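Let's go through this one as a quick back-and-forth. Have the sequence and the model open while you read.

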Amino acid sequence: MSQEKAENSGKKNNAVGLNYRQLVRRQFGKNRMAVWSLRFLWVLIFVAVFGSFLVNERPLYCKIDGETYFPVFKQIAVDLGLDKWESKFVTNDWDDHEYESVVRPLVPYSYNTQDLKNSFVGPFDEQRVESLRWRHWLGTDNLGRDVVAGLVHGTRIALLTGIIAMSIASLIGIFFGAVAGYFGDDKLKVSWLRILLNVVGLVLAIFYGFLSRGYAISEGKLGWELIKGVFIFSAIMWVFNFVAKLLERFVSIKKGIRFPADLLIMRLIEIMNSIPALLLLLSVVALFQKPSIFNVMVIIGLIGWTGIARFVRAELMRIRNLEYIQATRALGFKEKYIILRHALPNALGPVLISVAFGIANAVLIEAFLSFLGIGLPADMVTWGTMLNEARNAFDAWWIALFPGLAIFVTVTLFNLIGEGLTDAMDTR
Amino acid sequence: MLRYILKRILLFIPTLIVISFLAFGLSKCTPGDPGGGYGGDDELKISERDYRQAIERLGLDKPVFYFDFTAKAYPDTLYRIIYKYKREAAGKLIGQYGNWPQIEAYYHGIEALQKQFVNLPDTVGKKARAKVLPELNLLETDFKDPSILNRFRRIENALAADSTTTDQIQDGYLTLRSSYETIKTAPTRRKLYVPAFYWYGLDNQYHHWASDFLKGDFGESYLTGQPVADKIWSALKWTLLINGVAILVAYLFSIPIGVYAARRQGKPFDRITSVILFMLHSLPSFWVATLLIVFFTTPEYGMDWFPTFGLGDIPDGASFWDVIRIRAWHMVLPVFALSYGSLAFISRQMRGSMVDVLRQDYIRTAKAKGLKEKTVVWRHGFRNALFPIITMFASVLPASIAGSVVIEVIFNIHGMGKVVVDSIFRDDWPVVYAVLMLASVLTVIGILLADILYAVIDPRVRLGKK
């Protein structure tokens with residue numbers, strides 16, 4: 001299917017023999033800014049993934065009393081619950097050990113290491129450090145926390161926020177967008193029997209999935225219990241639809257209505273767009289008794305799916321009228337199969353565009369929330385919290401400059417990539 | 001035209017109703033006790049009469065919604081327990097054991113014991129009373145088995161040390177103890193899996209909240225008891241002022257920039273502005289605001305040109321022009337921080353739509369007729385390119401209001417955004433959700449206005465052609 005399309009557009013570009021993906025890649029390659037953004041993004045991802053090996057107060061390798069340790073690796077094992085620290089590492093600071101030999105990471109500070117001898121020193125100020133190796137290259141904050149270390153930790157949080165939030169948003173957005181775009185207002189015919197069973201099923205699914213499990217949800221692990229609830233919900237809905245399918249064969253109430261899927265979903269999107277997203281986010285995030293960065297990520301995703309939904313809807317409205325979809329329909333394939341196997345894969349490329357812009361937005365929102373200090377644990381270090389410290393310290397320009405620069409660069413990268421993708425996939 | 005407007009307005013009513021459900025639902029999930037009552041380890045219990053008065057004044061003694069869809073184990077009268085923490089604890093006990101009659105008996109047991117204690121003559125068992133009474137109060141808010149048993153143990157210890165009190169209290173205590181054991185030994189958990197539907201009618205919290213909102217009464221602040229509406233109206237003034245000026249500035253600059261860039265498409269001016277505008281679009285406003293306030297409002301860097309905070313105090317008897325001057329001086333930085341983002345956005349859109357228009361046949365015709373370049377661009381092109389820019393107002397206004405939250409916080413301007421953030425930090429929830437609701441209403445009105453404007457300019461819209 002995509003072969004045919006590629007050939008069509010291929011002729012225009014004098015590039016016969018390339019498929020759609022190769023074409024897009026070629027177009028994207030022509031946009032120098034976008035290509036460089038993508039390269040720089042790989043650097044950011046590298047920093048985020050291997051941050052603890054580059055920036056850490058723990059040595060990469062050390063030898064104490066004839067015994068060899070790899071504290072950075074050990075930290076990862078401890079975090080995963082596979083290992084435990086020796087008692088001397090718990091009681092003593094990392095600076096206090098008598099090392100026989102030691103290899104430290106590039107920056108020998110963690111984001112929460114407090115170097116109290118050097119609080120509030122700027123990049124160009126004189127610093128009380130043993131050697132250049134220990135210098136705070138971008139300065140420290142009022143607790144003596146290294147700015148570079150904070151920036152690296154912030155990179156992790158920001159990229160993680162972008163990825164988690166946009167994964168959730170994509171799932172919701174693609175589902176709603178596909179249903180609205182493919183079925184429109186008149187393509188989804190539903191029998192009364194199915195509507196009736198679905199209403200009953202919905203009521204029971206909400207009841208058994210969430211209401212009757214109220215105690216477990218409020219007292220157990222919230223995320224886990226909610227996932228269980230969603231599972232029960234889906235199972236009940238599936239059972240009812242299965243029964244409906246069986247009954248439709250025997251009972252002769254085939255008469256039905258055209259289900260206005262598009263109308264309903266567009267209403268929902270309109271409602272979501274009518275609520276100022278930042279205010280909604282603030283008032284939801286503030287409700288959590290135990291603030292956590294993961295709540296913020298999930299809620300950004302739950303609120304930010306409308307852009308993707310509209311994108312997918314527009315794409316599917318175009319695709320559903322293409323000949324190959326008509327052909328598959330004429331061959332008698334099921335609608336579900338057509339959407340999942342034939343229509344959606346061709347709409348997913350353009351979704352990347354809105355995912356790129358969406359990540360930029362999510363990074364910005366996370367920074368906004370942590371800047372205000374709402375919904376995050378007090379000891380969390382992100383770009384936003386670092387920038388917030390600048391408001392209480394007007395003379396420390398480095399705290400105002402670097403975290404903001406990091407936010408700006410990341411947001412710009414994703415925006416440029418989004419622009420590049422838009423140009424590359426332009427169907428005109 | 002009128003029919004079109006009416007239709008649009010009617011379409012917005014369901015939207016507003018759904019938003020009100022959301023705002024109200026969220027406001028019911030807030031932590032803290034609005035009655036100012038006891039909770040957690042707070043030993044001070046305000047008198048039941050005061051608490052009841054506060055709750056009744058806030059209308060919290062009514063059922064939450066028109067109906068309740070829940071499990072049969074929960075009674076339809078649960079809302080009548082006015083103490084928030086006690087009600088929640090009762091709900092959680094039901095969630096564990098499902099036997100409301102036994103749980104109710106247990107609560108009656110606690111209350112009876114509390115009364116007995118209070119009615120004891122002053123001379124008897126002062127020590128035991130001081131220890132046992134707080135435990136009893138906290139027992140009402142407990143729902144986890146280990147912690148309840150722990151409290152029983154402490155009560156027993158206190159009673160064992162004071163035999164005179166024990167004689168008088170023993171019976172009541174033993175009934176309480178056994179009633180708790182009955183809860184555990186005779187649970188009816190199957191009732192938790194039977195759905196139940198209770199209808200409460202119009203006299204409920206949501207109904208009152210929504211109808212009060214329509215009347216302009218947004219409830220009262222938990223902190224000061226001041227009407228929320230007063231707080232919001234005085235804040236709204238400032239938000240609208242700085243946002244109005246910012247949007248005006250953005251439109252004033254962006255339209256010429258967009259048109260100019262479109263006329264010189266691909267030339268250096270266009271290329272340079274498009275890069276700059278793109279950068280501006282990605283610059284986070286709170287970073288720019290922080291930089292502005294750090295560099296331009298303090299003597300540290302020799303650029304102490306603007307005031308740091310607020311919108312200025314107006315001295316008594318200041319003339320009109322003085323007021324304007326002071327306000328304008330204070331507004332330079334916040335308005336800049338607020339407007340450059342939408343300026344970049346609108347300019348880019350303006351350029352795009354102008355480029356599209358200039359490609360059209362009728363522009364070529366106009367040029368072929370020998371009209372001056374200026375006339376072609378402004379008389380023929382500009383008008384048509386303006387349509388999308390007008391509808392964009394609908395998205396610029398809410399974005400701007402939301403964006404001004406952080407600007408107001410940074411520059412300490414007492415607008416809606418600052419009020420919301422302050423209220424969140426102080427747990428003053430009615431303010432938060434009233435603002436959320438009000439901002440949504442404003443957004444909806446903004447969208448409506450843009451739709452109507454569009455219909456006025458473009459007759460195809462109101463005539464319903466697609």
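Q: What share of the contacts in chain A with a separation of 6 or more comes from residues 24 or more positions apart?
A: This is a predicted model, where local features need pLDDT of at least 70, side-chain atom pairs count only at pLDDT 80 or more, and totals for chains, interfaces and linings use all residues. A contact means heavy atoms within 4.5 Å. Counting pairs in chain A with a separation of 6 or more, the part due to residues 24 or more positions apart is 70%.

Q: Which element of chain A has the lowest mean pLDDT?
A: pLDDT is the predictor's confidence in each residue, from 0 to 100. Chain A averages 85, and 95% of its residues score at least 70. Over residues 1–13 of chain A the pLDDT is below 50, and beyond near neighbours in sequence that stretch has 15 contacts in the model. At the high end sits helix H7 (residues 147–183) of chain A with a mean of 93, while the lowest mean, 45, belongs to helix H1 (residues 2–12) of chain A.

Q: How many helices and strands are there in chain A?
A: Helices (H or I, at least four residues) and strands (E, at least two) are DSSP runs, numbered from the N terminus. Residues are numbered from 1 along each chain as its sequence is written, chains are lettered from A and ligands numbered from 1 in the order in which they are written, and side-chain values use heavy atoms, with hydrogens and water left out. For chain A the tally is 18 helices and five strands.

Q: How far apart are the centres of domain 1 and domain 3 of chain A?
A: Domain bounds here come from an automatic or database domain assignment. For chain A, that assignment gives domain 1 as 19–56 + 113–127 + 135–187 + 275–428, domain 2 as 57–104 and domain 3 as 189–258. Taken over C-alpha atoms, the centres of domains 1 and 3 of chain A are separated by 33 Å.

Q: Which strands pair with strand E1 (residues 61–64) of chain A?
A: Two strands pair if DSSP finds at least two bridges between them. In E1(A) and E2(A), a hairpin with two residues between the strands, Asp65(A) in the turn has a positive phi of about 50°. Cys62(A) stands opposite Tyr69(A) in E2(A), and Tyr61(A) faces Val103(A) in E3(A). Each pairing is antiparallel with three bridges, and the partners are strand E2 (residues 67–69) of chain A and strand E3 (residues 101–103) of chain A.

Q: What do the buried residues of helix H5 (residues 71–79) of chain A pack against?
A: Buried means under 20% relative accessible area, exposed over 50%, partly exposed in between (1.4 Å probe, protein chains only). In H5(A) the buried set is Pro71(A), Val72(A), Lys74(A), Gln75(A) and Ala77(A). On the E1(A) side, the covered face has Cys62(A) and Ile64(A), with Tyr61(A) and Lys63(A) on the uncovered one. The packing partners of H5(A) are helix H4 (51–54), E1 and E2 of chain A.

Q: Is Ser347(B) buried or exposed?
A: Ser347(B) is found in helix H12 (residues 320–358) of chain B. Leaving out residues up to four places away in sequence, Ser347(B) touches Ser254(B), Ile257(B), Gly258(B) and Leu277(B). Its relative accessible area is 1%, so Ser347(B) is buried.
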